[in-house]
Amino acid sequence: MNLLKQRITKLVRGEIQNLTAYQVQDATDLIKLDAMESPFDWPGNLQQEWLAELQTISLNRYPDPECRSLRDEILAYFNAPTDVDVLLGNGSDELISLLMQLVAGPQRTVCSFSPSFVMYQLIACYTHSQYLEIPLTPQFTIDLNATLDTIQRHQPELIFIARPNNPTGNCFATEEITTIVDAADGLVIIDEAYHAFADSSLLPLCVEYPNVLVLHTLSKVGLAGLRLGMLFGRNEWLNELNKIRLPYNIGSLTQATTSFALRKGTQIHAQVETLKQEREKLSIALNKISCLTVYPSEANFILFRTPTESASDIFTRLKASGILLKNLSHSHPLLKDCLRVTVSTAEQNQAFLTALKQALDGN
Ligand SMILES: Cc1ncc(COP(=O)(O)O)c(C=O)c1O
(Lines give C-alpha, C1' and ligand atoms only; values in the text may rest on other atoms or scores of the structure.)
Protein backbone atom coordinates (compact mmCIF):
# COMPACT_ATOMS: atom_id res chain seq x y z
CA MET A 1 0.00 0.00 0.00
CA ASN A 2 1.46 3.42 -0.89
CA LEU A 3 1.83 6.15 1.73
CA LEU A 4 -1.19 8.17 0.68
CA LYS A 5 -3.42 5.11 0.78
CA GLN A 6 -2.07 4.18 4.23
CA ARG A 7 -2.79 7.65 5.53
CA ILE A 8 -6.35 7.59 4.15
CA THR A 9 -6.97 4.17 5.67
CA LYS A 10 -5.70 5.43 9.01
CA LEU A 11 -7.58 8.74 9.03
CA VAL A 12 -10.92 8.28 7.25
CA ARG A 13 -13.61 6.80 9.49
CA GLY A 14 -14.07 3.09 8.83
CA GLU A 15 -17.78 3.21 8.03
CA ILE A 16 -17.16 5.90 5.40
CA GLN A 17 -14.37 3.91 3.75
CA ASN A 18 -16.94 1.12 3.33
CA LEU A 19 -19.51 3.40 1.65
CA THR A 20 -19.90 3.87 -2.10
CA ALA A 21 -20.39 7.45 -3.28
CA TYR A 22 -23.77 8.26 -4.85
CA GLN A 23 -23.44 7.09 -8.46
CA VAL A 24 -24.61 9.19 -11.39
CA GLN A 25 -24.63 7.46 -14.76
CA ASP A 26 -22.80 9.02 -17.70
CA ALA A 27 -25.52 10.22 -20.07
CA THR A 28 -23.37 11.65 -22.88
CA ASP A 29 -25.30 11.46 -26.18
CA LEU A 30 -28.15 9.54 -24.55
CA ILE A 31 -31.83 10.42 -24.05
CA LYS A 32 -31.69 10.88 -20.30
CA LEU A 33 -34.62 9.12 -18.64
CA ASP A 34 -32.82 7.99 -15.49
CA ALA A 35 -32.97 10.84 -12.97
CA MET A 36 -36.53 12.24 -12.87
CA GLU A 37 -35.50 15.55 -14.40
CA SER A 38 -37.98 17.58 -16.41
CA PRO A 39 -37.27 17.47 -20.17
CA PHE A 40 -38.34 21.10 -20.49
CA ASP A 41 -35.95 24.03 -20.30
CA TRP A 42 -37.26 27.60 -20.33
CA PRO A 43 -38.13 29.03 -23.73
CA GLY A 44 -35.73 31.62 -25.20
CA ASN A 45 -37.73 34.74 -24.23
CA LEU A 46 -37.90 33.63 -20.60
CA GLN A 47 -34.16 32.90 -20.58
CA GLN A 48 -33.49 36.46 -21.75
CA GLU A 49 -35.76 37.92 -19.06
CA TRP A 50 -34.06 35.78 -16.42
CA LEU A 51 -30.56 36.75 -17.53
CA ALA A 52 -31.55 40.43 -17.39
CA GLU A 53 -32.56 39.97 -13.72
CA LEU A 54 -29.35 38.16 -12.87
CA GLN A 55 -27.34 41.09 -14.25
CA THR A 56 -28.62 43.27 -11.42
CA ILE A 57 -27.08 41.08 -8.69
CA SER A 58 -23.97 42.29 -6.89
CA LEU A 59 -21.78 39.21 -6.68
CA ASN A 60 -19.27 40.99 -4.45
CA ARG A 61 -21.85 40.82 -1.63
CA TYR A 62 -22.91 37.78 0.38
CA PRO A 63 -26.47 36.64 -0.26
CA ASP A 64 -29.24 37.22 2.28
CA PRO A 65 -28.36 34.44 4.76
CA GLU A 66 -31.99 33.94 5.76
CA CYS A 67 -33.52 34.29 2.28
CA ARG A 68 -36.22 36.46 3.86
CA SER A 69 -38.12 37.72 0.82
CA LEU A 70 -37.73 34.45 -1.06
CA ARG A 71 -39.15 32.49 1.87
CA ASP A 72 -42.24 34.70 1.86
CA GLU A 73 -42.65 34.15 -1.87
CA ILE A 74 -42.31 30.38 -1.40
CA LEU A 75 -44.85 30.28 1.45
CA ALA A 76 -47.32 32.17 -0.73
CA TYR A 77 -46.63 30.07 -3.85
CA PHE A 78 -47.24 26.78 -2.00
CA ASN A 79 -50.22 28.17 -0.05
CA ALA A 80 -48.51 27.22 3.18
CA PRO A 81 -50.88 27.41 6.15
CA THR A 82 -50.31 30.24 8.64
CA ASP A 83 -48.00 29.16 11.49
CA VAL A 84 -45.86 27.33 8.95
CA ASP A 85 -42.44 28.62 7.93
CA VAL A 86 -39.87 27.27 5.48
CA LEU A 87 -36.15 26.52 5.62
CA LEU A 88 -34.22 26.38 2.35
CA GLY A 89 -31.45 23.97 1.42
CA ASN A 90 -29.05 23.24 -1.42
CA GLY A 91 -31.49 20.64 -2.74
CA SER A 92 -33.64 18.61 -0.36
CA ASP A 93 -30.59 16.36 0.08
CA GLU A 94 -28.98 19.09 2.18
CA LEU A 95 -32.11 19.37 4.31
CA ILE A 96 -32.21 15.58 4.84
CA SER A 97 -28.59 15.79 5.95
CA LEU A 98 -29.35 18.69 8.35
CA LEU A 99 -32.28 16.78 9.85
CA MET A 100 -30.01 13.80 10.52
CA GLN A 101 -27.37 16.04 12.08
CA LEU A 102 -30.04 17.57 14.30
CA VAL A 103 -31.83 14.45 15.49
CA ALA A 104 -29.93 11.32 14.46
CA GLY A 105 -26.52 10.06 15.60
CA PRO A 106 -25.03 7.37 17.84
CA GLN A 107 -27.66 5.54 19.92
CA ARG A 108 -30.35 7.14 17.76
CA THR A 109 -32.58 5.34 15.28
CA VAL A 110 -33.63 6.51 11.85
CA CYS A 111 -36.22 4.54 9.97
CA SER A 112 -37.85 4.46 6.58
CA PHE A 113 -39.54 2.04 4.25
CA SER A 114 -37.73 -0.18 1.84
CA PRO A 115 -37.38 0.22 -1.05
CA SER A 116 -37.29 4.01 -0.81
CA PHE A 117 -34.97 6.94 -1.47
CA VAL A 118 -31.38 5.75 -0.98
CA MET A 119 -30.05 8.95 0.62
CA TYR A 120 -31.91 8.28 3.87
CA GLN A 121 -29.77 5.21 4.52
CA LEU A 122 -26.56 6.75 3.23
CA ILE A 123 -26.81 9.84 5.45
CA ALA A 124 -28.00 7.81 8.46
CA CYS A 125 -24.85 5.74 8.08
CA TYR A 126 -22.42 8.64 8.14
CA THR A 127 -24.20 10.22 11.09
CA HIS A 128 -23.54 6.95 12.98
CA SER A 129 -27.25 6.28 13.43
CA GLN A 130 -28.93 2.93 13.56
CA TYR A 131 -30.93 2.65 10.31
CA LEU A 132 -34.05 0.49 10.25
CA GLU A 133 -35.82 -0.44 7.03
CA ILE A 134 -39.45 -1.44 7.17
CA PRO A 135 -40.14 -3.56 4.07
CA LEU A 136 -43.06 -2.50 1.90
CA THR A 137 -45.46 -5.20 0.73
CA PRO A 138 -44.82 -6.77 -2.71
CA GLN A 139 -47.38 -4.23 -4.05
CA PHE A 140 -45.19 -1.47 -2.51
CA THR A 141 -47.85 -0.47 0.05
CA ILE A 142 -47.19 0.07 3.76
CA ASP A 143 -47.39 -2.94 6.05
CA LEU A 144 -49.07 -0.96 8.82
CA ASN A 145 -48.84 -3.63 11.53
CA ALA A 146 -45.13 -4.15 10.93
CA THR A 147 -44.59 -0.39 10.90
CA LEU A 148 -46.44 0.21 14.16
CA ASP A 149 -44.62 -2.72 15.71
CA THR A 150 -41.21 -1.32 14.65
CA ILE A 151 -42.11 2.11 16.00
CA GLN A 152 -43.21 0.67 19.31
CA ARG A 153 -40.14 -1.54 19.73
CA HIS A 154 -37.43 0.87 18.50
CA GLN A 155 -38.92 4.31 19.18
CA PRO A 156 -37.11 5.89 16.19
CA GLU A 157 -36.07 9.50 16.63
CA LEU A 158 -36.53 10.16 12.91
CA ILE A 159 -38.86 8.60 10.33
CA PHE A 160 -38.68 9.42 6.60
CA ILE A 161 -41.73 8.79 4.42
CA ALA A 162 -41.35 9.59 0.71
CA ARG A 163 -44.80 10.34 -0.76
CA PRO A 164 -44.99 9.61 -3.68
CA ASN A 165 -42.33 7.04 -2.99
CA ASN A 166 -39.14 6.78 -5.01
CA PRO A 167 -38.49 4.40 -6.78
CA THR A 168 -41.97 2.85 -6.73
CA GLY A 169 -44.03 5.93 -7.72
CA ASN A 170 -47.08 5.25 -5.52
CA CYS A 171 -48.59 7.47 -2.83
CA PHE A 172 -49.18 5.92 0.57
CA ALA A 173 -52.69 6.44 2.00
CA THR A 174 -53.12 9.56 4.13
CA GLU A 175 -54.83 7.61 6.96
CA GLU A 176 -51.84 5.25 7.18
CA ILE A 177 -49.48 8.18 7.48
CA THR A 178 -51.53 9.87 10.18
CA THR A 179 -51.69 6.57 12.07
CA ILE A 180 -47.89 6.38 11.91
CA VAL A 181 -47.52 10.01 12.99
CA ASP A 182 -49.86 9.39 15.94
CA ALA A 183 -47.85 6.35 17.00
CA ALA A 184 -44.45 8.03 16.68
CA ASP A 185 -42.75 9.96 19.43
CA GLY A 186 -40.00 10.96 17.01
CA LEU A 187 -39.95 13.47 14.16
CA VAL A 188 -41.70 12.36 10.96
CA ILE A 189 -40.49 13.83 7.67
CA ILE A 190 -42.94 13.56 4.79
CA ASP A 191 -40.76 13.88 1.70
CA GLU A 192 -42.94 15.25 -1.09
CA ALA A 193 -40.23 15.59 -3.75
CA TYR A 194 -42.80 14.48 -6.38
CA HIS A 195 -45.93 16.11 -4.95
CA ALA A 196 -46.45 18.31 -8.04
CA PHE A 197 -47.33 15.16 -9.98
CA ALA A 198 -49.58 13.69 -7.28
CA ASP A 199 -53.23 14.26 -6.48
CA SER A 200 -52.65 15.46 -2.95
CA SER A 201 -50.09 17.06 -0.65
CA LEU A 202 -49.85 16.49 3.09
CA LEU A 203 -48.39 19.94 3.77
CA PRO A 204 -51.27 20.80 6.18
CA LEU A 205 -50.15 17.96 8.47
CA CYS A 206 -47.25 20.04 9.76
CA VAL A 207 -49.82 22.34 11.39
CA GLU A 208 -51.97 19.57 12.81
CA TYR A 209 -49.09 17.48 14.16
CA PRO A 210 -46.21 18.99 16.11
CA ASN A 211 -43.89 16.13 15.07
CA VAL A 212 -44.30 16.51 11.28
CA LEU A 213 -42.17 18.42 8.78
CA VAL A 214 -42.73 18.36 5.01
CA LEU A 215 -40.00 18.44 2.35
CA HIS A 216 -40.39 19.82 -1.16
CA THR A 217 -37.92 20.42 -3.99
CA LEU A 218 -37.85 22.35 -7.26
CA SER A 219 -35.67 19.64 -8.83
CA LYS A 220 -38.49 17.65 -10.38
CA VAL A 221 -40.40 20.55 -11.89
CA GLY A 222 -37.79 21.84 -14.30
CA LEU A 223 -35.18 23.31 -11.95
CA ALA A 224 -32.89 20.40 -11.06
CA GLY A 225 -29.83 22.50 -11.87
CA LEU A 226 -30.86 25.11 -9.33
CA ARG A 227 -30.55 22.89 -6.23
CA LEU A 228 -33.38 24.33 -4.13
CA GLY A 229 -35.01 22.25 -1.44
CA MET A 230 -37.67 23.46 1.00
CA LEU A 231 -38.53 22.19 4.47
CA PHE A 232 -41.93 23.36 5.74
CA GLY A 233 -42.89 23.26 9.38
CA ARG A 234 -43.18 24.93 12.74
CA ASN A 235 -40.67 27.64 13.54
CA GLU A 236 -39.68 25.84 16.72
CA TRP A 237 -38.12 23.04 14.61
CA LEU A 238 -36.71 25.31 11.92
CA ASN A 239 -34.99 27.50 14.54
CA GLU A 240 -33.08 24.46 15.80
CA LEU A 241 -32.06 23.50 12.25
CA ASN A 242 -30.93 27.06 11.60
CA LYS A 243 -28.29 26.65 14.32
CA ILE A 244 -26.48 23.97 12.31
CA ARG A 245 -27.19 25.23 8.77
CA LEU A 246 -24.06 26.69 7.20
CA PRO A 247 -24.45 30.44 6.68
CA TYR A 248 -25.23 31.58 3.13
CA ASN A 249 -26.15 28.07 1.96
CA ILE A 250 -28.37 29.53 -0.79
CA GLY A 251 -26.38 31.71 -3.18
CA SER A 252 -27.61 35.01 -4.64
CA LEU A 253 -28.05 33.53 -8.12
CA THR A 254 -30.19 30.69 -6.74
CA GLN A 255 -32.31 33.06 -4.65
CA ALA A 256 -32.93 35.36 -7.62
CA THR A 257 -33.59 32.50 -10.03
CA THR A 258 -36.03 30.83 -7.66
CA SER A 259 -37.91 34.07 -7.18
CA PHE A 260 -38.03 34.54 -10.97
CA ALA A 261 -39.23 30.95 -11.50
CA LEU A 262 -42.03 31.30 -8.96
CA ARG A 263 -43.21 34.49 -10.65
CA LYS A 264 -43.40 32.42 -13.84
CA GLY A 265 -45.35 29.75 -11.96
CA THR A 266 -47.85 29.24 -14.79
CA GLN A 267 -44.93 27.97 -16.88
CA ILE A 268 -44.01 25.39 -14.21
CA HIS A 269 -47.64 24.43 -13.83
CA ALA A 270 -48.18 23.96 -17.58
CA GLN A 271 -45.08 21.75 -17.89
CA VAL A 272 -46.19 19.60 -14.95
CA GLU A 273 -49.66 19.18 -16.49
CA THR A 274 -48.09 18.11 -19.81
CA LEU A 275 -45.92 15.55 -18.01
CA LYS A 276 -48.92 14.18 -16.10
CA GLN A 277 -50.73 13.65 -19.39
CA GLU A 278 -47.63 12.06 -20.89
CA ARG A 279 -47.36 9.78 -17.84
CA GLU A 280 -50.89 8.48 -18.45
CA LYS A 281 -50.16 7.86 -22.15
CA LEU A 282 -46.86 6.15 -21.38
CA SER A 283 -48.44 4.03 -18.68
CA ILE A 284 -51.20 2.88 -21.05
CA ALA A 285 -48.63 2.05 -23.75
CA LEU A 286 -46.46 0.09 -21.31
CA ASN A 287 -49.49 -1.78 -19.97
CA LYS A 288 -50.21 -2.96 -23.52
CA ILE A 289 -46.89 -4.85 -23.54
CA SER A 290 -48.12 -8.07 -22.01
CA CYS A 291 -44.80 -9.34 -20.64
CA LEU A 292 -44.36 -6.26 -18.42
CA THR A 293 -45.84 -5.47 -15.02
CA VAL A 294 -46.37 -1.72 -14.80
CA TYR A 295 -46.82 -0.06 -11.42
CA PRO A 296 -49.21 2.89 -10.96
CA SER A 297 -47.40 6.20 -10.51
CA GLU A 298 -48.26 9.58 -9.03
CA ALA A 299 -44.75 10.83 -9.79
CA ASN A 300 -42.87 11.82 -12.96
CA PHE A 301 -41.49 8.32 -13.47
CA ILE A 302 -42.85 4.81 -13.96
CA LEU A 303 -41.51 1.59 -12.46
CA PHE A 304 -41.99 -1.58 -14.46
CA ARG A 305 -41.00 -5.22 -14.10
CA THR A 306 -39.52 -7.06 -17.06
CA PRO A 307 -39.60 -10.83 -17.68
CA THR A 308 -37.46 -12.84 -15.22
CA GLU A 309 -33.71 -12.17 -15.42
CA SER A 310 -34.05 -9.87 -18.44
CA ALA A 311 -33.86 -6.38 -16.87
CA SER A 312 -30.10 -5.89 -17.20
CA ASP A 313 -30.14 -7.14 -20.79
CA ILE A 314 -33.00 -4.80 -21.69
CA PHE A 315 -31.30 -1.92 -19.90
CA THR A 316 -28.09 -2.51 -21.92
CA ARG A 317 -29.98 -2.78 -25.20
CA LEU A 318 -31.89 0.42 -24.50
CA LYS A 319 -28.62 2.17 -23.74
CA ALA A 320 -27.16 0.91 -27.00
CA SER A 321 -30.22 2.45 -28.71
CA GLY A 322 -29.48 5.78 -27.02
CA ILE A 323 -31.94 5.59 -24.09
CA LEU A 324 -30.75 5.77 -20.49
CA LEU A 325 -33.02 4.33 -17.75
CA LYS A 326 -32.36 3.37 -14.14
CA ASN A 327 -31.71 -0.32 -13.66
CA LEU A 328 -33.03 -1.25 -10.22
CA SER A 329 -33.04 -4.99 -10.72
CA HIS A 330 -30.19 -5.67 -8.27
CA SER A 331 -30.92 -2.86 -5.82
CA HIS A 332 -33.53 -4.57 -3.64
CA PRO A 333 -35.24 -7.99 -3.52
CA LEU A 334 -38.67 -6.42 -4.15
CA LEU A 335 -37.28 -4.67 -7.25
CA LYS A 336 -35.94 -7.79 -8.94
CA ASP A 337 -36.22 -7.39 -12.75
CA CYS A 338 -37.39 -3.77 -12.37
CA LEU A 339 -36.46 -0.73 -14.47
CA ARG A 340 -37.52 2.88 -13.88
CA VAL A 341 -38.20 5.37 -16.65
CA THR A 342 -38.60 9.14 -16.22
CA VAL A 343 -41.62 10.53 -18.06
CA SER A 344 -40.48 12.88 -20.81
CA THR A 345 -41.77 14.62 -23.93
CA ALA A 346 -44.11 12.74 -26.30
CA GLU A 347 -41.20 12.31 -28.76
CA GLN A 348 -38.74 10.95 -26.19
CA ASN A 349 -41.36 8.66 -24.65
CA GLN A 350 -42.10 7.31 -28.12
CA ALA A 351 -38.37 6.78 -28.81
CA PHE A 352 -38.18 4.86 -25.52
CA LEU A 353 -41.22 2.71 -26.33
CA THR A 354 -39.90 1.84 -29.78
CA ALA A 355 -36.48 0.92 -28.39
CA LEU A 356 -38.08 -1.06 -25.56
CA LYS A 357 -40.18 -3.14 -27.96
CA GLN A 358 -37.08 -3.87 -30.03
CA ALA A 359 -35.12 -4.79 -26.91
CA LEU A 360 -37.91 -7.14 -25.77
CA ASP A 361 -37.99 -8.75 -29.21
CA GLY A 362 -34.25 -9.31 -28.89
CA ASN A 363 -33.47 -7.10 -31.89
C1 LIG B 1 -37.82 11.12 -2.53
C2 LIG B 1 -36.71 12.08 -2.85
N3 LIG B 1 -36.37 13.00 -1.94
C4 LIG B 1 -35.40 13.88 -2.17
C5 LIG B 1 -34.69 13.86 -3.36
C6 LIG B 1 -33.56 14.84 -3.54
O7 LIG B 1 -33.94 15.90 -4.31
P8 LIG B 1 -33.06 17.23 -4.46
O9 LIG B 1 -32.71 17.30 -5.89
O10 LIG B 1 -33.93 18.34 -4.00
O11 LIG B 1 -31.85 17.08 -3.57
C12 LIG B 1 -34.99 12.92 -4.33
C13 LIG B 1 -34.24 12.88 -5.60
O14 LIG B 1 -34.35 12.03 -6.43
C15 LIG B 1 -36.03 11.99 -4.07
O16 LIG B 1 -36.36 11.05 -4.94
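**Exercise 1. The ligand site**

What is the distance from an oxygen atom of the ligand to an N or O atom in the side chain of Thr-217? Work out the ligand's surroundings too.

*Solution.*

Step 1. Know the model. This is a predicted model, in which local features need pLDDT of at least 70, side-chain atom pairs count only at pLDDT 80 or more, and totals for chains, interfaces and linings use all residues. Residues are numbered from 1 along each chain as its sequence is written, and side-chain values use heavy atoms, with hydrogens and water left out.

Step 2. Read off the distance. The Thr-217 side-chain atom is 2.6 Å from a ligand oxygen.

Step 3. Add other N or O atoms. In the side chain of Arg-227, one such atom is 2.6 Å from an oxygen atom of the ligand. Asp-93 offers a backbone N or O atom, 3.1 Å from a ligand oxygen.

Step 4. Check the cover. On its own the ligand has 400 Å² of accessible area (Shrake-Rupley method, 1.4 Å probe). The protein covers 93% of that area.

Step 5. List the neighbours. There are 13 residues around the ligand. Those that come nearest are Asp-191, Tyr-194, Thr-217, Ser-219 and Arg-227. A residue counts here if one of its heavy atoms lies within 4 Å of the molecule.

**Exercise 2. Strand S8**

Take strand S8 and find which strands pair with it.

*Solution.*

Step 1. Locate S8. It spans residues 229-233. Strands (E, at least two residues) and helices (H or I, at least four) are DSSP runs, numbered from the N terminus.

Step 2. Judge the burial. Five of the five residues are buried, so S8 is largely enclosed by the rest of the structure. Buried means under 20% relative accessible area (1.4 Å probe, protein chains only).

Step 3. Split the faces. Gly-229, Leu-231 and Gly-233 are buried on one side. Met-230 and Phe-232 are buried on the other.

Step 4. Find the partners. Two strands pair if DSSP finds at least two bridges between them. Strand S2 (residues 85-89) pairs with S8 over five antiparallel bridges. One bridge sets Asp-85 against Gly-233. Strand S7 (residues 212-217) is joined to S8 by four bridges, also antiparallel. There, His-216 has Met-230 as its bridge partner.

**Exercise 3. A four-stranded sheet**

Give the strand order of the open sheet that contains S10, and name its edges.

*Solution.*

Step 1. State the order. The four strands run S9-S10-S13-S12, with antiparallel pairing. S9 and strand S12 (326-327) are the edge strands, since each pairs on one side only.

Step 2. Trace S9 to S10. Strand S9 (residues 293-294) pairs with S10 over two bridges. Thr-293 stands opposite Arg-305. Six residues lie between the two strands of this hairpin.

Step 3. Trace S10 to S13. Five bridges join S10 to strand S13 (residues 338-342). Phe-301 has Thr-342 as its bridge partner.

Step 4. Check the cover of S10. Strand S10 (residues 301-305) has five of its five residues buried. Phe-301, Leu-303 and Arg-305 take one side, Ile-302 and Phe-304 the other.

**Exercise 4. Ser-344**

Is Ser-344 buried or exposed? Place this residue and find its side-chain contact.

*Solution.*

Step 1. Place Ser-344. It lies in the loop between S13 and helix H14 (346-361).

Step 2. Read the accessibility. The relative accessible area of Ser-344 is 2%, so the residue is buried.

Step 3. Find the contact. The side chains of Ser-344 and Gln-348 make a polar contact at 2.7 Å. Such a contact is a pair of N or O atoms within 3.5 Å; within protein, one must be able to donate a hydrogen and the other to accept it, and residues adjacent in sequence count only if both atoms are side-chain atoms.

Technical notes
Buried < 20%, exposed > 50% of the residue type's maximum accessible area, 1.4 Å probe, protein only.
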